[in-house]
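Biologist: Got a minute? I'd like to go through this structure with you, step by step.
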Amino acid sequence: MRQYRLLGLLGLILWLAACTPPEPTPVPTLPPVPPTAAVIIVTRPPIIQETPTPSVSFDVGPYVGEWRLNFRYQFDGGPTIAQIRFVGGYNLRVNADGSVDGQGMLTTAVSHPGCAASVLEDGLIHTVFAGRLQQGANGVEMVFTLRAAEPTRRERYLLNCNTFTEPAEIEQQTLWPALDALDAQPYVLAMQPGAVFQKTDDLAAVSGQILQGTLMTEIRLSR
């Protein structure tokens with residue numbers, strides 16, 4: 001009887017062992033991920049290559065330094081104001097590369113026979129000067145242009161005549177339309193003290209009667 005009990009106990013132990021779930025297999029541990037290095041993007045400034053200044057084929061040395069350029073534009077016979085003058089002086093500097101820098105402005109003045117004519121505002125015309133030296137047929141020359149710093153600005157005048165019931169205010173552009181119609185620029189002037197450019201033009205002939213009167217131009221160079 002005891003023998004049967006032992007056999008029953010042994011069977012129970014075996015049955016319990018068969019029903020017990022196996023121990024879970026341990027999950028393998030992954031090696032630590034190495035830290036990612038920070039990526040720094042460096043933007044290098046572009047390499048700017050300066051454009052070389054064209055060399056001149058003559059000795060610029062005798063011309064380098066300070067010069068003076070005087071302008072006088074005089075309009076005569078205009079339909080509204082008989083005479084308009086634009087006068088100004090420019091301080092120039094000739095550089096070792098043959099370029100010429102300058103600054104200045106033109107002052108406006110008006111007159112009309114039998115009337116009181118005046119310029120409104122300050123009458124100053126700010127301009128931009130650009131020039132360079134070149135070898136001409138008769139020696140070194142300066143080639144230059146004069147442009148308005150404010151191309152759309154209009155001149156304003158006041159004209160009061162005995163026949164007027166009240167003064168008339170006149171607004172117009174005179175100098176730059178005339179120079180464009182004449183195709184007057186660039187100017188060429190011998191690079192020597194005392195050199196003078198003088199010319200008188202009929203504006204009606206070159207502008208198809210849009211402009212009236214004549215323009216006298218005088219430019220003098222000194223040092």
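Biologist: How many aromatic pairs does the count come to?

Modeller: The count comes to eight aromatic pairs. Rings of Phe, Tyr and Trp (its six-membered ring) pair if their centres lie within 6.5 Å; planes under 30 degrees apart are stacked, over 60 edge-to-face, and the rest tilted. One of them is Phe71 with Tyr73, a stacked pair at 6.2 Å centre to centre with 20° between the planes. Phe71 also pairs with Tyr90, this time edge-to-face, at 5.2 Å centre to centre and 75° between the planes.

Biologist: Where in the chain do Phe71 and Tyr90 sit?

Modeller: Phe71 is in strand E1 (residues 65–76) and Tyr90 is in strand E2 (residues 83–94), so the pair links distant parts of the chain, 19 residues apart. Helices (H or I, at least four residues) and strands (E, at least two) are DSSP runs, numbered from the N terminus.

Biologist: Hang on, what kind of model is this, and how are the residues numbered?

Modeller: This is a predicted model, with residues numbered from 1 along each chain as its sequence is written. Local features need pLDDT of at least 70 and side-chain atom pairs count only at pLDDT 80 or more, while totals for chains, interfaces and linings use all residues, and side-chain values use heavy atoms, with hydrogens and water left out.

Biologist: Back to the rings. Is Tyr73 buried or exposed?

Modeller: Tyr73 counts as buried because its relative accessibility is 0%. Buried means under 20% relative accessible area, exposed over 50%, and partly exposed in between (1.4 Å probe, protein chains only). Phe71 is buried too, at 2%, and Tyr90 is buried at 0%.

Biologist: Which residues do the ring pairs link into a cluster?

Modeller: Phe71, Tyr73, Tyr90, Phe129, Phe144, Tyr187 and Phe197.

Biologist: And which residues have the most contacts inside the largest nonpolar core?

Modeller: Those are Leu69, Tyr73, Leu133 and Met142, in a core of 43 residues. A nonpolar core is a set of buried Ala, Val, Leu, Ile, Met, Phe, Trp, Tyr and Cys residues joined through side-chain atoms within 4.5 Å. Leaving aside neighbours within four places in sequence, Tyr73 is in contact (heavy atoms within 4.5 Å) with residues including Ile84, Phe86, Leu106 and Tyr187.

Biologist: New topic: how many helices and strands are there in the protein chain?

Modeller: Three helices and eleven strands. From the N terminus on, the order is α-β-β-β-β-β-β-β-β-α-β-β-α-β. Of the 223 residues, 30% count as buried.

Biologist: What about Arg147, where is that one found?

Modeller: Arg147 is in strand E6 (residues 139–148). Arg147 counts as partly exposed because its relative accessibility is 40%. The C-alpha atoms of Arg147 and His126 are separated by 8.7 Å, with their positions 21 residues apart along the chain counted as the distance apart. Leaving aside neighbours within four places in sequence, Arg147 is in contact with His126, Trp176 and Asp180, among others.

Biologist: And Asn95, is it buried or exposed?

Modeller: Asn95 is buried, because its relative accessible area is 18%. Asn95 is found in the loop between E2 and strand E3 (99–111).
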